[in-house]
Amino acid sequence: MKNTIFSAMIFAMAFAFFSCESTQQNANGMKMEKDQSISSCGGNWNLVLLMKGGEAQLLAKTDLTITPSSDGTAEISGFMGANRFMGKISSESKGVIKTMSFASTKRGASAEVMEFEKFFSEFMNGVDSYSIGKMSGEAFQTLVLKNSKMDAYAHFAKNTPFYATWKLSAVNSGNAVESVNSDATMTIEKNSAAIFTGINRANLGLKIVEEKCLIEFSDGPMTRAAGSEEDMRVESLLMQNLLKAEKYGISGDTLSLYSGETLLLEFARQEAM
C-alpha cells in the first residue's frame with residue numbers, strides 16, 4: 001500500500017512557499033503567476049499535493065496530460081491510482097478554468113485508493129481556477145488547480161522528459177508493439193538526445209515543444225559496432241521509430257513516443273541525472 005498511498009504532509013512543507021492567491025517568488029526564482037493562458041498548462045504533470053480546508057489529503061499515484069487547443073479549450077487525461085480519466089476543460093479568461101466533461105474507467109482497487117479517486121473526481125469536476133509556477137529562465141514547472149466550492153487545491157509538478165535516463169522497454173516492429181529485454185537507453189537534453197542502442201551510441205538532433213507534447217528527432221553521428229542478430233534488430237527498430245516520432249506522453253515513469261495515434265516506442269525512467 002505504501003507504494004500507492006502516501007502522506008501529502010511531506011509535500012506540504014516542500015511547497016509551503018506557494019500561494020494560489022497572489023504572485024510570489026522565492027530565493028530560487030520560483031514564482032506563481034495567475035495571469036497565464038490555458039496554453040501554458042499544456043504538458044504532463046504529476047500530483048504532489050492535495051489540500052482541502054487547509055489540511056493535506058492522502059494521495060494515490062496520479063498524473064495528468066493537458067493538450068490545449070487554439071479555441072481556449074484543452075483535452076485532459078491521466079491516471080488516478082486505479083483508473084484512467086479523460087475530459088475537456090475550457091478557459092474564457094486567464095486564470096479561470098471550467099471542466100466541460102470528465103469521465104473515467106471503472107476498475108476496482110483498495111478502499112483507500114477508491115476513496116481518493118472519489119474525492120479527486122469531485123475535485124476535478126469543480127475546478128475553477130489555475131496558476132502556473134515558473135522557474136526564472138526555464139519552462140513552466142508547477143501547475144495549481146483550485147476548486148473554490150470545495151475549498152481545495154492541488155499542486156502538480158511538471159513531468160518532463162529531461163533530466164532522466166530512459167530505458168527502452170517496447171518497440172513497434174511494424175506488425176505489433178512488443179516488449180524487449182534490451183540495455184538500450186536514451187537521455188534527453190534541450191536540443192539533443194544521447195542514444196545507446198545496446199550496441200552503439202548515437203547523438204540525435206531534437207526539438208521538443210513541452211506545452212503540446214511534440215517531439216522530433218533528426219539524424220546525427222552514430223558508431224557502427226556489430227552485435228547479436230537480436231540486438232541488431234532492436235537497434236534498427238529503435239532508430240527507425242525515433243525518426244518517425246511526432247509526439248510523446250509521460251505516465252508515471254513511462255515515456256511513450258507516437259506517430260499520430262500509433263505507439264512507436266516505450267521507455268522506463270531510470271535514475272535522475
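The secondary structure comprises three helices and 21 strands. The model is predicted. Of the 273 residues in the protein, 47% are buried. Among contacts with a separation of 6 or more, 52% involve residues 24 or more positions apart.

The largest pocket holds about 460 Å³ of space. Its lining consists of 23 residues. Nearest the centre of the pocket lie Thr65, Ser77, Tyr248, Gly249 and Tyr258. Five strands each contribute at least two lining residues: β6 (62–68), β7 (73–80), β8 (84–90), β19 and β20. Strand β19 provides the largest share, with five residues. By residue class, the lining contains seven nonpolar, nine polar and seven charged residues.

Two of the strands that supply this lining, β19 and β20, also pair with each other. Strand β19 covers residues 247–251, and strand β20 covers residues 254–259. The two run antiparallel and are joined by five bridges. They form a hairpin with two residues between them. At the turn, Ser251 stands opposite Thr254 of β20. Gly252, in the turn, has a positive phi of about 60 degrees. Of the residues nearest the centre of the largest pocket, Tyr248 and Gly249 fall within the range of β19, and Tyr258 falls within that of β20.

A second hairpin is formed by β17 and β18, with four residues between the strands. Strand β17 spans residues 201–209 and runs antiparallel to β18, to which five bridges join it. Strand β18 occupies residues 214–218. Ile208 has Ile215 of β18 as its bridge partner. Cys213 takes a positive phi near 55 degrees in this hairpin. The two faces of β18 are unlike in cover: Ile215 and Phe217 make up the covered face, whereas Leu214, Glu216 and Ser218 make up the uncovered one. Ile215 thus appears both in the bridge with Ile208 and on the covered face.

Helix α3 runs over residues 229–244. At 1.5 Å a residue, its 16 residues should span 22 Å. The C-alpha atoms at its ends are 23 Å apart, which agrees with that expectation. Several residues of α3 are buried, namely Val234, Glu235, Leu237, Leu238, Met239, Asn241 and Leu242. The buried set includes the charged residue Glu235.

Two strand residues illustrate individual environments. Ser129 lies in strand β10, residues 129–135. Its relative accessibility is 11%, so Ser129 counts as buried, the cut-off being under 20%. Beyond its neighbours within four places in sequence, Ser129 is in contact with Gly95, Val96 and Ile97, and also with Val144, Leu145 and Lys146.

Ala157 belongs to strand β12, residues 152–158. At 23% relative accessibility, Ala157 counts as partly exposed. With neighbours within four places in sequence left aside, the contacts of Ala157 are Asn44, Trp45, Asn46, Val48 and Gln141. Gln141 is 16 residues from Ala157 along the chain, and the C-alpha atoms of the two are separated by 6.0 Å.

Terms used:
Residues are numbered from 1 along each chain as its sequence is written. This is a predicted model: local features need pLDDT of at least 70, side-chain atom pairs count only at pLDDT 80 or more; totals for chains, interfaces and linings use all residues. Side-chain values use heavy atoms; hydrogens and water are left out. Two strands pair if DSSP finds at least two bridges between them. On a 1 Å grid over the protein atoms alone, a cavity is a set of points where a 1.4 Å probe fits but cannot get out, and a pocket is an open set with protein on both sides within 12 Å along at least five of seven lines; lining residues have an atom within 4 Å of a point. Grid points are joined across faces, edges and corners, and a volume is the space filled by probe spheres set on the points. The expected span of a helix is 1.5 Å times one less than its number of residues. Buried means under 20% relative accessible area, exposed over 50%, partly exposed in between (1.4 Å probe, protein chains only). Contact means heavy atoms within 4.5 Å.
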